[in-house]
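Q: Please take a close look at one part of this model, for a reader who has not met it before. A connected account is preferred, moving from a single residue to the elements around it.

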Amino acid sequence: IKAGGDNPGKSRIIGGALRALSYIKVDTLGAPNGTSTRVELHGNFERMSAERETLEKRIAEREHQLQQVEIIAATLKTKTRFPHHAEMVQRTQSARRNLSADLEQTRQALAAWQHKHQHACETIRLVITRKAHAGVEIIIGDKRVLLTEDWGPGTVQYGSQGLVFQRGKLLLAH
């Protein structure tokens, strides 16, 4: 959302709620009298968070399964009088290879997810070219802040520890 389009200097969002996927640019946000104004950039954080949780759960499951296979393999080394011992050793080795391969693929998928998440954090932003007044609520993903004083100009982005506020007149194309 570019409030005011490409005509800088006069766009204002006063009161209500504005929601966008990844980008909001406005000159002035809120009003001096503290009119309730909320802006939200939701990105795909909910879906991305669920994806991360799924990958982390799968890694934990595969690591646990691999530990169990290692216990079985150690038992088969010390006790060789099981019926079908050779077949059990072969199945254990196959399970170890398959679990290790799946674990490696899942770890690579998690690394790719981390790269995608980092990119989303870098591209999702609120740009304020003049001022955001006290009382404005800013929500990006699962991070939220209520301004207690006037702020700006600058950008607000998602960060791992909270919202990152960067002051200054920035020339940011989107």
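A: A helix, as the word is used here, is a DSSP run of H or I that is at least four residues long, and helices are numbered from the N terminus. The model to which this is applied is a predicted one.

The residue chosen as a starting point is Leu66, which lies in helix α1. Is Leu66 buried or exposed? Its relative accessible area is 16%, and the term buried applies under 20%, so Leu66 counts as buried. Leaving aside residues up to four places away in sequence, Leu66 touches Arg96, Leu99, Ser100 and Leu103. One of these contacts can be followed in space: the C-alpha atoms of Leu66 and Leu103 are 9.1 Å apart, although 37 residues separate the two in sequence.

Helix α1 covers residues 45-78, and it is among the elements that give two or more residues to the largest nonpolar core. This core has 33 residues, and those that touch the most other members are Leu29, Leu126, Ile138 and Ile140. Besides α1, the elements that give two or more residues are helix α2 (85-123) and the strands β2 (16-20), β3 (23-29), β4 (37-41), β5 (125-132), β6 (136-140) and β8 (154-159). As a general rule, nonpolar side chains in soluble globular proteins tend to be buried together.

Leu126 shows how the core draws on distant parts of the chain. Not counting residues up to four places away in sequence, Leu126 touches Ile24, Leu29, Val39, Leu41, Ile138, Gly154, Thr155 and Val156.

The strands should be considered next. An open sheet of five strands follows the order β1-β3-β5-β8-β9, and its pairing is mixed. At its edges stand β1 (12-13) and β9, each of which pairs on one side only. Within this sheet, β3 and β5 run parallel and share six bridges; Thr28, for example, has Lys131 in β5 as its bridge partner. On the pairing of β5 with β8, the sense is antiparallel and there are four bridges, with Val127 opposite Thr155 in β8. β8 in turn pairs with β9 (residues 162-167), again in the antiparallel sense, over six bridges, and Tyr158 stands opposite Leu163 in β9.

A hairpin of two residues links β8 to β9. Ser160 has its place in the loop between these strands. With a relative accessible area of 63%, Ser160 is exposed. Its C-alpha atom is 9.2 Å from that of Lys143, a residue 17 places away in sequence.

The second helix meets this sheet as well. α2 lies across β5 and β8, and its direction is at about 160° to that of β8.

A second open sheet has four strands in the order β2-β4-β6-β7, also with mixed pairing. β2 and β7 (143-146) are its edge strands; each has a single partner strand, so one side of each is left without a neighbour in the sheet. From one strand to the next, the twist averages 10°. Four bridges join β6 and β7 in the antiparallel sense. Across this pair, Ile140 stands opposite Lys143 in β7, and Ile140 is also one of the core residues that touch the most other members.

The loop between β7 and β8 contains Pro153. Gly152 and Pro153 are joined by a cis peptide bond, for which omega is about -5°. In general, most peptide bonds are trans.

The account returns finally to helix α1, by way of the largest pocket. The volume of this pocket is about 290 Å³. Its lining consists of 18 residues, and those nearest its centre are Phe45, Glu46, Ser49, Gly141 and Asp142. Both α1 and α2 supply at least two residues of this lining, with the largest share, six residues, coming from α1. Helix α1 thus gives residues both to the largest nonpolar core and to the lining of the largest pocket.

Notes:
Residues numbered from 1 in each chain as written. Predicted model: local features only at pLDDT ≥ 70, side-chain atom pairs only at ≥ 80, totals over all residues. Heavy atoms only, no water. Core = buried A, V, L, I, M, F, W, Y, C linked by side-chain atoms within 4.5 Å. Buried < 20%, exposed > 50% of the residue type's maximum accessible area, 1.4 Å probe, protein only. Contact = heavy atoms within 4.5 Å. Pairing = 2+ DSSP bridges. Axes fitted to C-alpha atoms, helices over the stretch in contact; angles between N-to-C directions. 1 Å grid on protein atoms, 1.4 Å probe; cavity = no way out; pocket = protein on both sides within 12 Å on 5 of 7 lines; lining within 4 Å. Points joined across faces, edges and corners; volume = space filled by probe spheres on them.
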